[in-house]
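Please load the model in your viewer and keep the selection panel at hand. The stops below are meant to be followed in order.

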Amino acid sequence: MKTICHTCMHHCSLEPGQRGLCRARKNEGGRIVCENYGKITSLALDAVEKKPLKLFYPGSRILSVGSYGCNLRCAFCQNHEISMSDFETAETVFISPQALAEKALACKDAGNIGVAFTYNEPLVGWEYIRDTGILVKQAGMKNVLVTNGTASVEVLEEILPLIDAMNIDLKGFHDSYYRELGGDLETVKEFILRAAAGCHVELTTLIVPGKNDTISEMEKEAEWIASVEEAVGKKIPLHVTRFFPRYHMMDKEATEVGKVYALAEAARKYLAYVFVGNC
């Protein structure tokens, strides 16, 4: 009998033993389980600015952790080795929530402020974020989430009380572009609205030549972000970043630096904090 996964907008209907599009969730005996729970592919003590977060504890470091799996199919993914992996192909080490929280605390003397869930799409394994996040908070440290923002509101409500800051990818501002990536713009907008009301939020838009690089689209995006700010009384930072050839787009040229700066300048008509990245 099929069981529907409600973690994201895909609502995968899975036969027993079948995995979802994200490769991380599975139907086991009629119950959807998080198969990548605690299975870690990447662990590093990063500068918080690399998440990127510019206005959240600048100058500090954060223990960054990732697993495998993602519910989008971005042709330019820089972490495709893990985001497109699954239970059989990913090289993982099991780290329990308790062990990860203890590791974060042990790094405090090195400037660590907590744990960042990042590298792949963390919310395909949201249960691990919940369980680890509780322990990190109990240790007096911070939880950061780097996400594509395509999880359901129900999942967001589960973890939002534990999250201190997010960087959310807003990949563009056209429905057709999001469909090309396997996503849904309205889902991401709804996610951003709720997240911004509950924690510190910064947004990132990767500028891909010929896909989302027009001034008019950036102005529309920035205007919408500004309206979010007014709704929750916050000034949301936007990171406008340069594309480099990756994954299935190795045949493309990197975004012109001048184009990135021009788009950032267009966004500044509406937003107080606009940062340029990868230039």
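**First stop: T187 and its surroundings**

Begin by selecting T187, which, leaving out residues up to four places away in sequence, touches M9, G149, T150 and A151, where contact means heavy atoms within 4.5 Å. This is a predicted model, in which local features need pLDDT of at least 70 and side-chain atom pairs count only at pLDDT 80 or more, while totals for chains, interfaces and linings use all residues. Residues are numbered from 1 along each chain as its sequence is written, and side-chain values use heavy atoms, with hydrogens and water left out.

T187 is found in helix α6, residues 185-196; helices (H or I, at least four residues) and strands (E, at least two) are DSSP runs, numbered from the N terminus. With a relative accessibility of 15%, T187 counts as buried, given that buried means under 20% relative accessible area, exposed over 50% and partly exposed in between, for a 1.4 Å probe and protein chains only. Display the side chains of T187 and D184 as well, and you will find a polar contact of 2.6 Å joining them. A polar contact here is a pair of N or O atoms within 3.5 Å; within protein, one must be able to donate a hydrogen and the other to accept it, and residues adjacent in sequence count only if both atoms are side-chain atoms.

**Second stop: T150**

Move next to T150, in the loop between β10 (142-147) and α4 (153-159). Is T150 buried or exposed? At 1% relative accessibility it counts as buried. Leaving aside neighbours within four places in sequence, T150 is in contact with C8, M9, N71, L72, T187 and V188. The C-alpha atoms of T150 and V188 are separated by 5.3 Å, although the two residues are 38 residues apart along the chain. Two polar contacts are worth drawing as dashed lines: the T150 side chain meets the side chain of N71 at 2.7 Å, and it meets the side chain of N148 at 2.6 Å.

**Third stop: R194**

Return to helix α6, where R194 is also found, and note that R194 counts as partly exposed at 30% relative accessibility. Which residues does R194 contact once its neighbours within four places in sequence are set aside? They are L156, E157 and L160. A C-alpha to C-alpha distance drawn from R194 to L160 should read 9.0 Å, for a pair 34 residues apart in sequence.

**Fourth stop: helices α2 and α3**

Now select helix α2 (residues 97-106) together with helix α3 (residues 126-138), whose axes come within 9 Å and cross at roughly 45°. Such axes are lines fitted to C-alpha atoms, for helices over the stretch in contact, with angles running from 0 to 180 degrees between N-to-C directions. On the residue level, P97, Q98, L100 and A101 in α2 meet Y128, D131, T132, L135 and V136 in α3. By class, this contact has 6 nonpolar, 2 polar and 1 charged residues, where Ala, Val, Leu, Ile, Met, Phe, Trp, Tyr, Cys and Pro count as nonpolar, Asp, Glu, Lys and Arg as charged, and the others, Gly among them, as polar.

**Fifth stop: the loop before α3**

Select P122, which lies in the loop between β9 and α3 and is buried, with a relative accessible area of 8%. Without counting residues up to four places away in sequence, P122 touches F117, I129, L145, V146 and T147. P122 and G66, 56 residues apart in sequence, are 6.9 Å apart from C-alpha to C-alpha. Y119 lies in the loop between β9 (112-117) and α3, and it has a positive phi of about 75° although it is not a glycine. Y119 counts as partly exposed at 21% relative accessibility.

**Last stop: further backbone features**

Most residues other than glycine have a negative phi, and most peptide bonds are trans. Against that background, select H11, in the loop between β1 (3-4) and β2 (13-14), where phi is near 45°, a positive value in a residue other than glycine. H11 is partly exposed, with a relative accessible area of 41%. Finish at the peptide bond joining K51 and P52, which is cis, with omega about -10°; P52 is placed in the loop between β6 (42-47) and β7 (61-66).
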